[in-house]
Number of protein chains: 2
Amino acid sequence: MRRSDCPISNVLDHVGDRWSLLVIRDIALYGKRSFTELLDSAEHVATNVLTDRLRRLEQTGLLTRTRDSGDARKNIYRLTQRGRDLLPILIEMILWSARHDPQTNAPPELVRRAQTDRNALIADLQARIDAVDGR
Amino acid sequence: MRRSDCPISNVLDHVGDRWSLLVIRDIALYGKRSFTELLDSAEHVATNVLTDRLRRLEQTGLLTRTRDSGDARKNIYRLTQRGRDLLPILIEMILWSARHDPQTNAPPELVRRAQTDRNALIADLQARIDAVDGR
């Protein structure tokens, strides 16, 4: 449901909860594509919560769901361009934690590149997503 | 509650809901400082939700609450450095919506500066916050 025309509120209408951006993170940064892989995270998402968030992210056009060509019972989740373009938001979250909660495990090399070479880092991460997706 | 050492999860532990970043937005970008001002938003936050989010944002060190020197019944909410440093995340949300949901009302001049002159824009916005706070 759209609460206002505010561009920040709009993003939160899509991913303003504790889980959706973690699903995006796992697909974008950890190369996960299947439900089983997405279920296996350090944050221990519940099966029904993951099912619900994947359905919503598909409905709002942030990811697509297709059948695995090798196993018709298995779904493959891939980010759309809309979903991939959430990467800069994730990068800023990593930088915030690196600065304010240094006990989090932000990879130092990623933090360094985000600070000094931001656009190239984002291009590299998007290319890695494409490589996993065979694009 | 901390769910993992992931720096992205950490940010969502602080502001991963539909309302917290809108409170940060109103203080950071719209110069609001009082409960009455924060209650008056296009998204129509409920009084009890706003009360809860302000309390949590204070507890997690993103904002401070002080009594108004002119009216002891009135609280003034100000961002801490931790809270101000969420600005780049808000900027990326604005850019995402400007690209993918152009019917949102992202100010074109702010979008242009975020794309071409990002660091100076963030410095200007932080200076504006300081000016409202009399720092």
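In chain A, a hairpin of two residues takes S1(A) over into S2(A). Strand S1 (residues 63-68) and strand S2 (residues 71-79) of chain A run antiparallel and pair over six bridges, where pairing asks for at least two DSSP bridges between the strands. One of the partnerships puts A:Arg67 across from A:Asn75 in S2(A). Strands here are DSSP runs of E with at least two residues, helices are runs of H or I with at least four, and both are numbered from the N terminus.

A word on bookkeeping: this is a predicted model, with local features needing pLDDT of at least 70 and side-chain atom pairs counting only at pLDDT 80 or more, while totals for chains, interfaces and linings use all residues. Residues are numbered from 1 along each chain as its sequence is written, chains are lettered from A and ligands numbered from 1 in the order in which they are written, and side-chain values use heavy atoms, leaving out hydrogens and water.

Chain B drops onto chain A with a rotation of 180° and 0.0 Å of shift along the axis, at an RMSD of 0.0 Å (least squares on C-alpha atoms of residues with pLDDT of at least 70 in both copies). The two copies are therefore related as by a two-fold rotation axis. Within chain B, B:Asp17 has the C-alpha nearest that axis, 2.2 Å away.

As for the interface, 45 residues of chain B and 44 residues of chain A take part, contact being heavy atoms within 4.5 Å. Of the interface residues of chain B, 98% are also interface residues in chain A, so the copies meet through the same surface. About 4,200 Å² is buried between the chains, 61% of it from carbon and sulfur atoms; this is the accessible area (1.4 Å probe) lost on putting the two parts together, summed over both.

Eight salt bridges cross between chain B and chain A, taking a side-chain nitrogen of Lys or Arg within 4 Å of a carboxyl oxygen of Asp or Glu as the rule. Among them is B:Arg18 with A:Asp13, whose closest N and O atoms are 3.9 Å apart. On the chain B side, H1 (7-15), H2 (20-28), H5 (81-84) and H6 (87-100) each supply at least two of the residues touching chain A, and H6(B) gives the largest share, ten residues.

Over all chains the structure holds 52 salt bridges. A:Asp13 also meets A:Arg3 in a salt bridge, at 2.8 Å from N to O. That pair joins the segment before helix H1 of chain A, home of A:Arg3, to helix H1 itself, with the partners ten residues apart.
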